[in-house]
Every structure is written in structure tokens, then in C-alpha cells.
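Me: Could you take a close look at one edge of the sheet for me, and at a residue that sits there? I'd like one connected picture rather than a list.

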Amino acid sequence: MPLIVCHSPKGGEGNSFVAAGLAQGLSLLGRDVVALDMTAADGLKSYFGLAPDQSLPDLEEEVIDQLTVGGVGLRSGWRAAHQPDFAEALRAGDLPFDGETVFVADVASTDTGLAQVLRRRARLHVCTLTPTAMSLAQLPRINPARALGEPERTTFVLNQLDETRRFARHAALFLRELLGDKLIAQIHRDEAVNEAVGMLQTLARYAPASAALADMERLVIAVDGLCAGEAADETVRAAPRAAKNEAA
Amino acid sequence: MRSDAENLLSRLGQNKFRYQEFRDNFADMELWPLFEALIRDPRISGDTAVAGLDRDEAHSGAGSAGAGRPYPASAVPQSVAKADARTDGLFGRYETTPLAGSAHEDVRSLLRQLNDRVAAGEL
């Protein structure tokens with residue numbers, strides 16, 4: 001069930017940027033990827049070089065001509081996710097989160113209920129933070145009553161890192177110690193990200209030598225490795241159950 | 001080498017520079033009270049007994065915002081409690097020394113230990 005949930009406890013952290021970069025990078029690694037915009041803001045498409053008036057096909061809509069950018073299928077999951085029976089459909093497997101296709105879901109920071117439902121079915125939760133005091137202050141809300149270092153499927157990305165700023169340097173240091181291996185990547189602040197959206201281009205096309213893109217590549221490789229590891233673990237966990245069912 | 005530095009040097013065609021990263025060490029890190037508050041927060045340490053939170057409750061979202069739970073008395077800044085008595089400007093009431101000296105020492109000690117462990121190659 002290759003669902004990757006991108007959700008941050010606070011808006012403005014670059015969650016959509018990270019989701020888009022992950023989808024594009026995993027596609028370049030040869031995965032079949034669908035990027036799911038589950039936000040009302042509908043901003044994920046901007047990181048694919050699409051204009052604001054371009055609408056995405058609905059998750060549950062039968063679409064003949066898929067909207068794809070750079071090999072990534074784009075869908076809007078906002079409407080489907082806010083149907084009363086969404087959680088039940090997810091539990092029953094009526095939503096297409098099985099199979100080989102990797103779904104990268106961009107979930108709004110305020111939509112904590114949806115994020116929790118999806119995280120239970122996700123292979124990985126990617127939580128984007130920025131090295132600001134307001135971002136760090138939200139850390140206790142991510143997994144309340146569960147230590148951040150516990151072996152859960154939550155990983156962290158430190159985005160918009162500017163090491164010329166004192167607090168940012170100290171925050172990065174603090175987070176590295178606090179989160180350990182859970183902090184899987186840091187992405188440097190890069191104006192090229194903003195400019196690429198302004199040019200209606202992907203970052204890879206607009207600024208292929210940008211620092212943020214190089215950092216994103218490292219994140220993609222880390223996530224791909226973690227997903228592969230989780231898949232192997234799931235197989236190991238499922239084997240005894242399958243044998244037991246067969247014996248019964 | 002950091003990717004942005006590598007890109008810059010390669011664009012400039014420079015190979016005469018020696019690259020070195022100067023990392024902050026823990027002892028030099030500012031003692032931001034926020035960091036200490038986070039380290040002590042039971043929702044981060046996972047200390048449910050202290051937090052007074054049940055895991056299921058937390059995962060259902062009911063406890064995530066701390067809704068309905070009273071603030072501990074210590075969470076109310078004394079300067080705010082005494083606000084009415086102050087007359088020295090609108091924001092004067094927010095002037096406070098939020099943490100005792102011993103608390104600062106705790107963080108300093110923790111950072112020193114981390115620094116020592118890095119120096120010893122344990123981290």
C-alpha cells in the first residue's frame with residue numbers, strides 16, 4: 001500500500017513543495033506515481049508548472065485522458081476526502097491505495113483528522129518543518145503522547161534552511177539531536193523555488209542546478225529507500241498471517 | 001561539500017579554494033527557552049503519565065490540542081497575572097524572566113554532555 005502522506009502541523013512550511021518534489025523524484029526513479037492534492041488551497045499543481053486555472057481530475061472520477069506532468073499523474077482528493085464515508089472506504093480498500101502505484105498525498109496542516117486517517121494506512125508520513133520558532137513550537141502536536149523518536153512511520157524534513165541565520169542554525173542542530181534518524185533530509189532556502197512557480201515551470205526545468213533541487217534529490221532517495229524497507233517489513237509481517245489463514 | 005557551495009565553485013571554475021564547514025557546537029548554541037520547553041514537553045518525550053494523556057485519546061485527536069484541559073498554574077506568566085498592577089506601558093506587562101536560573105543550567109548541562117559525546121565520537 002504505497003501511500004506517502006505529506007502533512008505538517010503548521011501551514012507555510014513547504015509541505016506542497018515537498019510533496020511535489022517527492023512525486024517528481026520517485027517518478028524519475030521509475031515508480032508509477034500519482035500526486036494527490038487533498039487541500040482546499042489546490043496549490044500542489046503550482047509546483048508542476050500548472051496555472052491556477054488548471055483544474056485537477058477528481059480522485060474518484062473515471063478519467064480517460066489522465067493529467068500527467070513529467071510522468072506524474074495529478075489528482076484532486078479534496079472532495080473525496082471530505083465525503084462522510086471516506087474513512088470507511090479507505091478501511092474497506094475501496095480507494096486505490098493498493099497495488100504498485102505510489103500515491104503522494106498533500107494534506108493541509110489544518111486537516112489533522114484527515115491526516116490521521118490517512119497516516120494509519122500510509123507507508124510513510126513525511127512531516128515538513130522549517131527552522132523557525134513557530135514551526136518548532138508545533139512539534140508536540142505531531143504525535144501527542146508518543147515520543148518523537150519512537151519507531152513510527154513519521155519522518156521529518158527541515159525545509160527552507162538558511163544557515164546565515166542564527167536561529168535557523170541552532171534549530172537545525174537541535175532538531176538533528178532531537179529527531180536523530182527521523183530527520184531524513186534538509187532543504188536549503190532557495191529563491192529558485194518561488195521563481196519556478198512564477199515562471200509556471202517545474203523547479204527541475206527552471207533551475208536544474210539549484211541547491212533546493214539537489215537537496216530534494218537526497219530526500220527522494222531516502223524516502224524511496226524507506227518505502228522499500230517498509231514494503232519488505234510488511235511482507236515479513238504478512239507471511240505468518242497468510243500461512244495461518246492457509247492452514248485454517 | 002554543501003551542494004550550493006559546490007554549484008557556486010563549479011560555476012566560477014575555481015579549484016583553488018579549500019572547503020571547510022564550520023559547524024556550531026552544542027556548547028555555543030544559544031540557550032533558547034523554547035528548546036528547553038520542547039525537551040521537557042511530555043508530548044515529545046512520550047511520557048504519558050506526566051502528560052495525562054491516553055494514547056488512544058491522543059490518536060483520536062481529542063488530546064492533540066489540549067482542549068478542555070486546564071492550564072497548570074505554572075503556565076500562567078506571573079507578569080500577566082500582575083498585569084493590572086503595572087502602569088509602565090502597554091507591553092510592559094509581558095516583561096518577565098520566564099525561566100529560573102537552575103533551568104538554564106539544566107539545558108546548559110545537557111548541551112555540554114551532547115558536545116562531549118560528539119567530541120568523543122559517540123554521536
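Reply: Happy to; here is a walk from the whole sheet to its edge and then to a single side chain.

Please keep in mind that this is a predicted model. In chain A, eight strands make up an open sheet with mixed pairing, ordered β3-β4-β2-β5-β1-β6-β7-β8. The edges are taken by β3 (68-69) and β8 (183-188) of chain A; each has a single partner strand, so one side of each has no neighbour in the sheet.

Let's stay with the β8 edge. Strand β7 (residues 154-161) of chain A runs parallel to β8(A), and four bridges join the two. Within this pairing, Leu161(A) is found opposite His188(A) of β8(A).

Helices pack here as well. Helix α4 (residues 112-121) of chain A touches β1 (3-6), β6 (124-129) and β7 of chain A, and its direction makes about 150 degrees with that of β1(A). Helix α6 (residues 166-179) of chain A, in turn, lies across β6, β7 and β8 of chain A, at about 170 degrees to β7(A).

Now for the residue itself. His188(A) belongs to strand β8 of chain A. Its relative accessibility is 8%, and because buried means under 20%, His188(A) counts as buried. Leaving aside residues up to four places away in sequence, His188(A) touches Gln160(A), Leu161(A), Glu163(A), Ala212(A) and Asp215(A), together with Arg2(B) from chain B. With Glu163(A) there is also a polar contact, made side chain to side chain at 3.3 Å.

Methods. Residues are numbered from 1 along each chain as its sequence is written. Chains are lettered from A and ligands numbered from 1 in the order in which they are written. This is a predicted model: local features need pLDDT of at least 70, side-chain atom pairs count only at pLDDT 80 or more; totals for chains, interfaces and linings use all residues. Side-chain values use heavy atoms; hydrogens and water are left out. Two strands pair if DSSP finds at least two bridges between them. Contact means heavy atoms within 4.5 Å. Axes are lines fitted to C-alpha atoms, for helices over the stretch in contact, and angles run from 0 to 180 degrees between N-to-C directions. Buried means under 20% relative accessible area, exposed over 50%, partly exposed in between (1.4 Å probe, protein chains only). A polar contact is a pair of N or O atoms within 3.5 Å; within protein, one must be able to donate a hydrogen and the other to accept it, and residues adjacent in sequence count only if both atoms are side-chain atoms.
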